[in-house]
Every structure is written in C-alpha cells, then in structure tokens.
Amino acid sequence: MKQVLAAGLLGLALMTGAGCRAPEASPSSASGALPAADVNPTPRDRVVNGGTLRWPLPEFPSQWNTNHVNGAKGAVEQVVQGVLPYLMRSDEKAVPHPVPEYLKSATVKRTPHGQTVTYRLNPRARWSDGRPIGHADFLAQAHALSGRDPRYEVSTVTGYRQIERVERGAGDHEVEVTFAHTYADWRGLFSPLYPAAAYASPRAFNTGWTGRAPVTAGPFRFQRIDRTAKTVTLARDPAWWGAPAKLDRIVYRAMDTSAMPGAFANDEIDLMDIGLDADALQRVQGVSGAAVRRAGGPDWRNFTFNAAGAILSDARVRRAVMLGIDRRVIARSDLSGLGVPVQTLGNHFYVNTQAGYQDNSRGLGAYDPARARRLLDEAGWRPRGRYRAKAGRTLALRFVVPSGVPISRREGELTRALLERIGVRVDIQVVPADDVFERYVTPGNMDIVPFSWLGTSFPVSQMKAVFARPHGRNVQQNYSRIGSAAIDAAMDQAIAELAPERAHALVNRTDRLIWHQASVMPLYQRPQLVAVRADLANVGAGGFLRPAYQDIGFTGR
C-alpha cells in the first residue's frame with residue numbers, strides 16, 4: 001500500500017483528508033450494498049475523440065518519483081498512471097493482469113531456493129526519448145529499490161530486496177528476474193517502471209524527478225507543470241504505440257478538498273472524490289448533468305501514533321490511547337449522511353470485504369476507558385486535576401490535521417473529547433495540506449495523525465514498508481517509527497507463501513503482532529463516492545480497478 005497513504009480517487013496515497021496514499025463503502029459496507037466498481041464502462045467506439053478532463057488533486061506534488069519517500073502519494077500515482085508503464089493492471093476483484101501495451105506475458109518458475117520471473121515485453125514499447133523499454137530499466141529499478149544503497153531515499157524495498165539478479169532473456173525484449181526466495185506478490189513490482197537514467201544514481205533518484213518528469217512512456221505525456229497555478233497538464237502523446245488516448249489532455253489542479261464541491265458545481269472540474277463529506281455529497285447531487293458513482297473501497301482510515309515520541313514511546317500509553325478512543329464514534333461521525341453501514345476495521349492488511357479478512361482487534365479495538373486509566377497509572381501518569389502528569393510534565397499529545405479537511409478536524413475534536421475522559425490532553429495542530437507528510441509525519445513531528453492508506457492487490461508487500469523496523473533515519477513509510485524482529489519475520493513468511501489459504505493465516509498472525517504493538521489504529525474501510533459529469537466514461541469509483549487512461553473520455557460532447 002503505497003502511501004499507499006492517501007485516500008482518494010484512484011488511490012491518493014497520502015491524502016490526509018477524507019483521507020494519505022483520504023478517500024467507500026464503509027468497512028463492512030461494500031459487500032452487498034455497493035458494487036466492486038462503478039466507472040461507467042464504455043466501449044472505445046462510443047467515447048468521443050477529444051476533450052479536456054479537469055481533475056482535482058488534494059495537494060500539488062513536487063516529487064514525481066513514486067518510489068521516493070516523498071513521492072509515494074496517491075496524488076502522484078494518480079497522475080503518473082497515464083504517463084508511465086504499469087506492467088500489471090488490477091481488475092475490480094483485485095486480480096492483476098498484464099498490460100499488453102507493455103507486457104506480452106510474465107511467467108514464474110520455481111528454483112531450488114526461490115523463483116525466476118520471465119517478462120516478455122512488447123517490442124513496440126519505447127520511452128519518449130526513443131529508447132526501447134527493456135533490461136536496463138529493470139536492472140536500475142531493482143538496484144535502486146533493493147535497499148542495499150542507503151543513499152537512495154526509497155519509500156519501500158519490499159520485493160525488490162529479494163531480487164538476486166536481473167538478466168537479459170532469450171532476446172532483446174525478454175527480461176529474467178531471479179529472486180533469492182519465493183515471493184508471492186511479484187506481480188506488484190515494476191509498476192510503474194521508470195527509465196534506467198532516472199534510477200542510475202542516488203542523485204538522479206532523489207532529485208531527478210523533482211518538479212519535472214523528463215521521460216515518459218504512456219498514452220499521455222507531461223505538457224506543463226505550473227507551480228504558480230498549481231496545475232499539471234498531460235497531453236495525448238502521438239508517439240504512443242497503443243490505442244490513442246480519447247482525451248486531448250488532462251488538466252490536474254491542486255485545491256483544498258473543501259473547495260472541490262464548489263468547483264464541481266461551478267463546472268470548473270469534471271470529477272471529484274467526495275470522500276466522507278456528507279455536505280459535499282448533498283451539494284453535488286443537486287448539480288445538473290452530474291452523477292455520483294459508488295463502490296466498495298480498497299482504502300482504510302487510520303490513526304497513526306508516533307511511537308518514537310517522548311510520550312508514545314511507552315507501549316502502555318499507546319494501548320491506553322487506543323482503548324480510550326471509541327472507534328465506532330469516529331466511524332459513525334465520518335460516515336454520517338453517506339448512506340453506508342458503519343463497521344470498524346479489525347485488520348492492518350485486509351479490508352472487510354477482502355478474502356483473508358479476519359478481525360484481530362480483540363483486546364485493543366474495543367472502547368475501554370477503565371482499562372485505559374489503569375494502563376496510564378501503571379506507566380506513571382497520575383491524575384493532576386483535569387489531565388495526568390508525570391515528573392512535572394502534562395500528558396499532552398499533538399494531533400496533526402491538514403487544513404481544508406473538515407473530517408480530519410472533526411476526528412481530532414472527537415479524539416480530544418474522548419481522551420480527556422482518561423486524563424489525556426489533545427492539542428489539535430492544523431497545518432498546510434501540502435506540508436503534512438514532508439514536514440510533520442515523515443520527520444516524526446507529531447504524536448497522532450489521521451489519514452487513509454491506499455488499498456492495493458498486494459497488501460502485505462505494500463504494507464511491509466509501513467511496519468518494518470526503521471533503520472536509522474530511513475523509516476520508509478513507517479511513520480510510527482517502531483517495529484520488531486518478530487513482525488519482520490512474520491511479514492517475510494507471509495510474503496513468501498504461494499498458497500492463498502496459508503498466506504492468509506500467516507498475514508493474520510502478523511496482524512495480531514501489530515495490534516499488540518499498538519502503533520497504528522485501523523478505523524474503518526472507506527467507501528468510494530465519486531462525483532462525475534454523467535457523460536464521463538471509464539473512470540469513477542473503481543475500487544481495486546485501475547483504469548486504462550487511453551480509454552477515459554466523454555460520451556456526449
């Protein structure tokens with residue numbers, strides 16, 4: 001789960017608003033009431049040639065390398081899906097399939113200790129500089145993301161760390177990737193794939209795609225990045241070898257999520273992730289020529305605790321805070337007015353509607369203020385009037401929220417009211433949305449932060465970067481800054497298991513360890529509600545479905 005942080009349409013990885021990669025079907029909701037995807041699927045011959053899609057972003061990215069720690073955001077991935085190679089694309093059931101424009105086939109063969117994957121590339125696939133996509137690109141990406149060179153500021157090394165070698169196959173368009181151990185989620189690698197030059201050195205990796213995207217290979221290309229207007233314009237790429245993009249261009253515009261309903265009503269944007277904003281839902285439902293698409297979401301809302309902080313470094317305090325927060329109260333507030341069931345989430349890897357889901361929250365997921373008070377007593381935090389104190393210090397926690405995201409603010413206010421009952425003071429700190437992760441979450445300048453993790457078809461591999469032990473300052477996406485050898489070993493076992501049922505059991509064993517660690521508190525599975533122009537085709541509330549950007553367009557213009 002790439003920041004798998006966000007929340008939002010098509011995976012705003014780190015969207016802190018309604019969600020990080022904050023984008024629904026409540027945790028439990030998706031089954032039955034909501035479909036797996038709702039994107040107005042339309043054959044290409046019924047989609048108009050031409051037009052501009054105006055698409056809002058919750059923040060204006062500066063780093064366009066999605067594998068960099070500051071680029072692993074849903075807003076970044078939302079854009080680069082149209083300009084970079086994705087070798088695999090998931091359907092609405094979260095099953096990945098080869099994308100024929102890049103990949104003719106991919107086969108896996110077991111070796112005595114691991115496996116070898118043979119990629120047969122489309123010989124027509126080329127970068128915008130004219131160079132064929134091939135072996136050098138795989139080799140550079142495997143090296144940069146292996147974690148062997150700490151100068152590469154990577155968001156995750158999962159999967160890539162296990163690659164033993166990358167070799168040319170039988171021809172120029174065949175690549176063989178050998179893993180030291182079995183790795184069940186190999187289909188999640190090299191998507192997106194970056195050109196070799198982008199990953200050739202730590203400097204190129206860390207800064208070469210800051211404020212620019214020099215080379216592309218998709219149905220669209222970058223036409224302009226306007227930092228002043230906070231817009232990114234993609235234009236149809238005439239060099240694209242696949243079916244030409246239906247749209248002439250896509251214009252992404254960064255704006256506060258609170259401004260999106262007004263922009264949609266005023267015909268300034270063509271779609272928007274409603275997230276969990278009931279007022280926004282009510283407003284867009286009254287817009288002429290608009291539709292609301294709904295699906296069960298792959299993303300999940302959470303509170304992340306900074307376990308390296310002076311107060312939350314004590315596991316007893318973290319557990320007390322969890323027990324002092326009524327998750328159903330938070331979920332009921334967030335989902336109010338959306339017409340979806342309210343159910344809390346009991347897993348850090350699977351959402352309620354996914355195969356393998358098991359509620360492992362027993363002991364820490366229920367609201368239990370009495371037990372919370374006992375834990376704080378044990379930790380030496382004694383009542384001193386309204387709040388607890390220890391060694392002359394008040395038990396106070398900073399709850400960081402992005403500006404323009406009312407749901408996050410309400411979550412902070414509810415948390416403040418709930419934790420005050422057990423003697424914990426919560427100070428809500430509102431910060432610019434663009435700064436939330438780079439200035440507060442990543443450097444550990446907070447105690448609690450709410451956001452949504454972006455769901456993917458490979459939850460264990462993606463979430464390993466979230467729960468693996470940090471090494472020095474390299475926290476990847478482990479914003480809690482804590483881990484254990486037991487959790488690392490359990491995740492490695494789960495990732496190496498090819499049998500689905502056994503893998504599910506191993507994942508749930510891992511999840512129980514993470515619950516005990518009390519560093520990330522799952523709240524609920526997010527439903528997806530997306531407002532669109534009614535004639536917009538092949539995009540909307542996709543759930544696990546990744547759209548083919550060349551097929552997105554309008555039917556009535």
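In this predicted model, strand E9 spans residues 231–236 and is mostly covered. Five of its six residues are buried. Strand E9 pairs with strand E8 and is also joined by bridges to strand E10.

Strand E8 covers residues 220–226. Strands E8 and E9 pair in the antiparallel sense, and six bridges link them. In one of these contacts, Ile225 has Val232 of E9 as its bridge partner. The two strands form a hairpin with four residues between them. Within this hairpin, Lys230 takes a positive phi near 55°.

Strand E10 comprises residues 249–254. Strands E9 and E10 run antiparallel and are joined by five bridges. Here, Thr231 stands opposite Arg253 in E10.

A wider annotation comes from the UniProt record. An unreviewed entry places the feature "domain: Solute-binding protein family" at residues 99–461. This span is 23% helix and 26% strand. The C-alpha atoms at its two ends lie 21 Å apart.

Leu338 belongs to a loop rather than to a helix or strand. The loop runs between helix H8 (327–335) and helix H9 (369–378). Is Leu338 buried or exposed? Its relative accessibility is 2%, so Leu338 counts as buried; the cut-off for that class is under 20%. Leu338 can also be placed relative to Pro500. In sequence, Leu338 and Pro500 are 162 residues apart. In space, the C-alpha atoms of Leu338 and Pro500 are 34 Å apart.

Note on methods. Residues numbered from 1 in each chain as written. Predicted model: local features only at pLDDT ≥ 70, side-chain atom pairs only at ≥ 80, totals over all residues. Heavy atoms only, no water. Buried < 20%, exposed > 50% of the residue type's maximum accessible area, 1.4 Å probe, protein only. Pairing = 2+ DSSP bridges. UniProt positions renumbered as here; feature names shortened; annotations may be inferred.
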